[in-house]
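Please open the model in a viewer and keep the selection tool at hand. The tour proceeds from one selection to the next.

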Amino acid sequence: MKKKKVKVTEFSKLENKVAALWTRVSTEKQERNNCSLENQQRTCREYAERHGITIKKEFGGTHESAKTEGKMYREMIAEVARDKEINIILVYSFDRFSRAGSEAIMTKAYLKTKGIYVISATQATDPDSAAGTFMENILFLFNQFENDMRRDKCVTGMRECLKKGYWFGQVPLGYDRKKVGREHIITVNEDGKKLKNAFLWKANEGLGDIAIVDRLKSLGLDVDRKHLNKILQNIFYCGYIKHSLLGDEIIKGKHEPLIDEDIFNKVNGLSNAGYEHREVTDEFPLKRHVVCSDCGGYLTGYTMKARGGNYYKCNKKGCKSNHSTDKMHQKYTELLNGYKILRNSFQCS
């Protein structure tokens, strides 16, 4: 098996210096802060003229994050690596080449095996020396560290914003966001007023999802069945906030609720007269996992206050299917015991 030849040379000994110019900005704010694409291009061209470098191709010239190696970046690396004449990738600064830390170091090392050097027009280093290469790598790692620090501050700010009850993400269907002074006010719009009927139809009439979708369509609001199911389970509509940054914590939101908590709980089978519904717990591991054998509705768990016993009940209106948790768990255990897990297959005995 033939070994691949590694192209080794020295930057200072290159006779014909041919470059690919790479420019980019991550955000419009960055572009305004003296790092515009025009400024990058002008600085790089002036550097190339002073050092006898011919610019053969130009890449980038648009908004693309430097945190990850995006599509344009990868295409640029691949094209430059195929070009036999280009031996330099000229950038305004090393953070414009990449802010991906170790990934950037590996990409730069790969390019060097092709005889291609990454040169910054504003950060002078010696690409031929060990000290120069080390300094370049330090800059790449520092750029990633700076990104990580900025991200941590941003995440902390978003979490505090959520804890105060303010939603910063995209608002759900039926809401508008308006800026009043420095605050963003979230209010119910015309679609929201129509969507409110879906909760009322479900809670008061026990209407099925397909029928609700048809009724909403007659009101001029087109919602597919899957989206409707997510809407009916979204606590945002009853005035609360749930987000991955909050973990399991639920916060009372500052936004206008579409419906009250009683309606939301009724729609989702969380409350009813005579018994108390429960979230999925050790007592109710099969909640919304097993369907009713009579009507196909999902089973929900509740504790009978008078008797103090735990039961599963079908959540479909009109179905009176009730099952003791002890009997249901026994049947489920017997079902699971009928299966054997083999190394390469799963079969029922």
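A residue counts as buried when its relative accessible area is under 20%. The model is a predicted one.

Begin by selecting Phe97, which has a relative accessible area of 0% and is therefore buried. Add Phe140, likewise buried at 0% relative accessibility. A search of the whole structure finds 11 aromatic pairs. In the pair of Phe97 and Phe140, the ring centres are 5.9 Å apart and the planes stand at 50°, so the pair is tilted. Phe97 belongs to helix 4 (residues 94-97) and Phe140 to helix 6, 43 residues apart, and the pair thus links distant parts of the chain.

Next, display helix 5 (residues 102-113) together with helix 6 (residues 130-163): their axes are 8 Å apart, at an angle of about 145°. The crossing of helix 5 and helix 6 is right-handed. On the helix 5 side, select Ser102, Ala104, Ile105, Lys108 and Lys112; they meet helix 6 residues including Phe140 and Leu141. By class, this contact comprises four nonpolar, four polar and three charged residues.

Now move to Tyr175 and Phe236, both of which are buried. Their rings form an edge-to-face pair, with 5.1 Å between centres and 90° between planes. Tyr175 is in strand 5 (residues 175-180), whereas Phe236 is in the loop between helix 9 (225-232) and strand 7 (240-241), so the pair ties together parts 61 residues apart in sequence. Extend the selection to Trp167, Phe168, Phe199 and Tyr237, which form one aromatic cluster with Tyr175 and Phe236.

Finally, select Arg215, located over the face of Trp201 at 5.1 Å from the ring centre, and then Lys252, located over the face of Tyr240 at 4.7 Å from the ring centre.

Note on methods:
Residues numbered from 1 in each chain as written. Predicted model: local features only at pLDDT ≥ 70, side-chain atom pairs only at ≥ 80, totals over all residues. Heavy atoms only, no water. Axes fitted to C-alpha atoms, helices over the stretch in contact; angles between N-to-C directions. Helix = DSSP H or I, 4+ residues; strand = E, 2+ residues; numbered from the N terminus. Left-handed = near helix turned anticlockwise from the far one by under 90°. Contact = heavy atoms within 4.5 Å. Nonpolar A, V, L, I, M, F, W, Y, C, P; charged D, E, K, R; others polar. Phe/Tyr/Trp six-rings, centres within 6.5 Å; stacked < 30°, edge-to-face > 60°. Buried < 20%, exposed > 50% of the residue type's maximum accessible area, 1.4 Å probe, protein only. Lys NZ or Arg CZ within 6 Å of the ring centre and 35° of its normal.
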